[in-house]
Amino acid sequence: MKLYLASLGAGLLVGIVYSLINVRSPAPPVVALVGLLGILIGEQIVPVARHLIAGDSLRTAIGLADCSDHVLGQLPGRQSAAVEPPQDTPLRDTPPQTPPGT
C-alpha cells in the first residue's frame, strides 16, 4: 500500500509543479495510462514467446513468464508466492551421514 501512496504523492507533486509553471501534462490521462499498459504488456511478449517456442502452452508460458505479477504488481491483500518451509523441515531429502568404516 505504501508503494501506491508514494506513487500518488509523486503524481500530485508533479501536477503541482506543472500547475505552478503553467505547463499542461503531455498526454490526456487515459491516453497516458493506455500507453503505460502497452509498455507493460510489450515487455512480456518476448518471455512468453520464448516459452511458446520451447513448446509450452499459452497458459503455461504466461505462468512461467510471471506476467500477472509483473503487469499487476503485488496487489494489496495478496500474500507472496514464495512461502518459506517450516524450520524443522529439511530443504532436500538426503540420507543421514554415517561415519566411515561402520
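Among contacts in the protein chain between residues at least 6 apart in sequence, 33% join residues at least 24 apart, a value that, like the others here, is computed from a predicted model. The protein chain holds four helices and zero strands, and its elements follow the pattern α-α-α-α when read along the sequence. Of the 102 residues in the protein chain, 5% are buried, while about 9100 Å² of the chain is exposed, with carbon and sulfur atoms supplying 67% of that area.

**Helix 1**

- Helix 1 covers residues 2–20, and it is hardly covered by the rest of the chain shown, since the count of buried residues among its 19 residues is zero.
- At 1.5 Å a residue, the 19 residues of helix 1 should span 27 Å, and because its end C-alpha atoms are 27 Å apart, the expected and the modelled span agree.

**The loop between helix 1 and helix 2**

- Ile21 is placed in the loop between helix 1 and helix 2, where this nonpolar residue is not buried but exposed, because its relative accessible area of 54% lies above the 50% cut-off for that class.
- Asn22 is found in the loop between helix 1 and helix 2 as well, and with a relative accessibility of 72% it counts as exposed.
- The backbone of Asn22 has a positive phi of about 55° although the residue is not a glycine, and this residue with positive phi follows helix 1.

**A nonpolar surface patch**

- Leu13, Ile16, Val17, Leu20, Ile21 and Val23 form a nonpolar patch on the surface, and together these residues have about 590 Å² of accessible area.
- One of the patch members, Ile21, is the exposed loop residue described above, with its relative accessible area of 54%.

**Helix 2 and the residue after it**

- Helix 2 covers residues 29–53, and its 25 residues should span 36 Å at 1.5 Å a residue, which agrees with the 37 Å that separates its end C-alpha atoms.
- A kink of about 30° lies at Ile45 in helix 2, shortly before the proline Pro47, although the end-to-end span of this helix still agrees with the expected value.
- Helix 2 is followed by Gly55, whose phi is positive, near 105°, whereas the residue with positive phi that follows helix 1 is Asn22, with a value near 55°.

Methods:
Residues numbered from 1 in each chain as written. Predicted model: local features only at pLDDT ≥ 70, side-chain atom pairs only at ≥ 80, totals over all residues. Heavy atoms only, no water. Patch = residues over 30% accessible without salt bridge, like charges linked within 9 Å, V, L, I, M, F, W, Y side chains within 5 Å. Areas by Shrake-Rupley, 256 points an atom, 1.4 Å probe, with all protein chains shown as cover. Salt bridge = Lys/Arg side-chain N within 4 Å of Asp/Glu carboxyl O. Helix = DSSP H or I, 4+ residues; strand = E, 2+ residues; numbered from the N terminus. Buried < 20%, exposed > 50% of the residue type's maximum accessible area, 1.4 Å probe, protein only. Expected span 1.5 Å × (residues − 1). Bend = angle between axes of the 7 residues up to and from the residue. Contact = heavy atoms within 4.5 Å.
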